[in-house]
Amino acid sequence: MADPRGFLKVRQRETQPRRPVPVRIMDWKEVYEAQEKGTLKAQAGRCMDCGVPFCHQGCPLGNLIPEWNDLTWRDKGEEAIERLHATNNFPEFTGRLCPAPCEASCVLGINQPAVTIKQVEVSIIDEAWDNGWVEPLPPARLTGKTVAVVGSGPAGLAVAQQLTRVGHTVAVYERDDKIGGLLRYGIPDFKMEKEQVDRRVEQMKAEGTRFRTGVAVGTDVTWEQLRRRYDAVVVCTGATVPRDLPIPGRDLDGVHYAMDYLGAANRAVAGETIENQIHAQGKHVVILGGGDTGADCLGTAHRHGAASVTTLAIGKQPPSERAGHQPWPTFPTLFEVASAHEEGGERTYLASTVEFVGEDGKLTGVKVAETEFVDGKRLPKAGTERIIPADLVFLSLGFTGAEPAGITEQVKAEFDGRGNVSRDGYYMTNTEGVFVAGDAGRGQSLIVWAIAEGRAAAAAVDKYLMGSTILPAPVAPTDRAIAVL
């Protein structure tokens, strides 16, 4: 354990400081500043000898959280990153982007603020990169087996790295021009600068993973061609079909999916010239949806210089404290203030969008009404309609599943009723040798689940190819426990 009396001596939870709002909205750099070393060690020292560390239950990866908290408190950074990498291929991603269900499960959180687990995690990996402790781990021998991984988001990268390290020859196919998936073109730089992705890709190249960018599987190359060319194929294409809002005025110029806005903005930040880029400068912006993607749109609009930004959510404002029906150690739904919310904008709850209003084919406003609950359904309340001026609307309503991309036609892989690629308890589809991991198989979820599924699917693929595996399988794709691999 860390400091035996740390949680008694240091009761205050101190998180990473954020750069001042007037400064950070002038650029696209990450909003967080590094925490002072002494403060970080004190926070890590709050990790208690709780007997049963429920943070393990909260983390799909099974991160060895008490161990690397202790090593951070003891100032043993090189040992800490070794323990962190034992369960997590990309802690610099999860340490910046994961909502930290581990902290919701922290035993200290029963009667004190939880340990700043996520903050300690990202500090460990940042120190490791700074000191050159992150090195390529190429396999000692090659197996002669080949694997194609389709999609280069966190699930695809985790699958590829695990399989490469045990000796398989792995090629990652990505339809975009650069590797990273939504890490590259969905997450704004103010949340995670793309250097984090680039140096992991370089590490994986040095280990032997091969990358094929600008290749759309299903059209440029067929799934059947991949099956013939490789011993196994892993679908890691994500859940990228956006949820629409088919109400009057949906076809007006100015109504866009959130990812169309964020992707173009990320490309512009990377130095690309974007024709007809969706830009919020001087415009009134309305964001539909109060989740992380909506917050990403909010922060991006601030940096574009929007005249105003309003976020609408159809449901009630979540509580600031854990509700009775979400007791510890479950992951509660809470009202959160992300860095983008600190920067401005209006947040409105119980707002039902009724119609997009426009003139001459262009959006001018959004008609909304108060939400009322009738027989368990959320409906607009008659007589409460009003119009919010809007030049741009971003639909941030989540995703409905994976893109078909020829999967069903070309390899006969089936989809379930929720729009996800079906798989069995070993991540295999109904077509032998074709596996699926991450959001493509489980639906829209957290980055920590994507990496966990990628690691587990890699173990299943390795067992399929070799008859046995030494790779860990942290999670099962179904409610029933996965058999020992």
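In this predicted model, helix H6 passes helix H9 in a left-handed crossing. Two packed helices are described by the angle between their axes and the distance between the axes. For this pair, in which H6 spans residues 77–85 and H9 spans residues 117–130, the axes come within 9 Å and cross at roughly 115°. Because angles of 65 to 115 degrees count as roughly perpendicular, H6 and H9 are described as roughly perpendicular to each other.

The residues that bring the two helices together can be followed on each side in turn: H6 contributes Gly77, Ala80, Ile81, Leu84 and His85 to the contact, while H9 contributes Glu121, Ile124, Ile125, Glu127 and Ala128. Sorted by class, the contact of H6 with H9 comprises six nonpolar residues, together with two polar and two charged ones.

From the helix contact the reader can turn to a pocket, the second largest in the model, whose volume is about 400 Å³. Its lining is made up of 19 residues, and those closest to the centre of the pocket are Glu82, His85, Ala86, Leu137 and Arg165. His85 thus appears in the lining of this pocket and also on the H6 side of the contact with H9.

Which elements give two or more residues to the lining of the second largest pocket? They are H6, helix H10 (154–165) and helix H12 (195–207), and of these H6 gives the most, with four residues. In the lining as a whole, seven residues are nonpolar, six are polar and six are charged.

Notes. Residues are numbered from 1 along each chain as its sequence is written. This is a predicted model: local features need pLDDT of at least 70, side-chain atom pairs count only at pLDDT 80 or more; totals for chains, interfaces and linings use all residues. Side-chain values use heavy atoms; hydrogens and water are left out. Axes are lines fitted to C-alpha atoms, for helices over the stretch in contact, and angles run from 0 to 180 degrees between N-to-C directions. Angles under 35 degrees count as roughly parallel, over 145 as roughly antiparallel, 65 to 115 as roughly perpendicular and the rest as oblique. A crossing is left-handed if the near helix is turned anticlockwise from the far one by less than a right angle, and right-handed if clockwise. Contact means heavy atoms within 4.5 Å. Ala, Val, Leu, Ile, Met, Phe, Trp, Tyr, Cys and Pro count as nonpolar, Asp, Glu, Lys and Arg as charged, and the others, Gly among them, as polar. On a 1 Å grid over the protein atoms alone, a cavity is a set of points where a 1.4 Å probe fits but cannot get out, and a pocket is an open set with protein on both sides within 12 Å along at least five of seven lines; lining residues have an atom within 4 Å of a point. Grid points are joined across faces, edges and corners, and a volume is the space filled by probe spheres set on the points.
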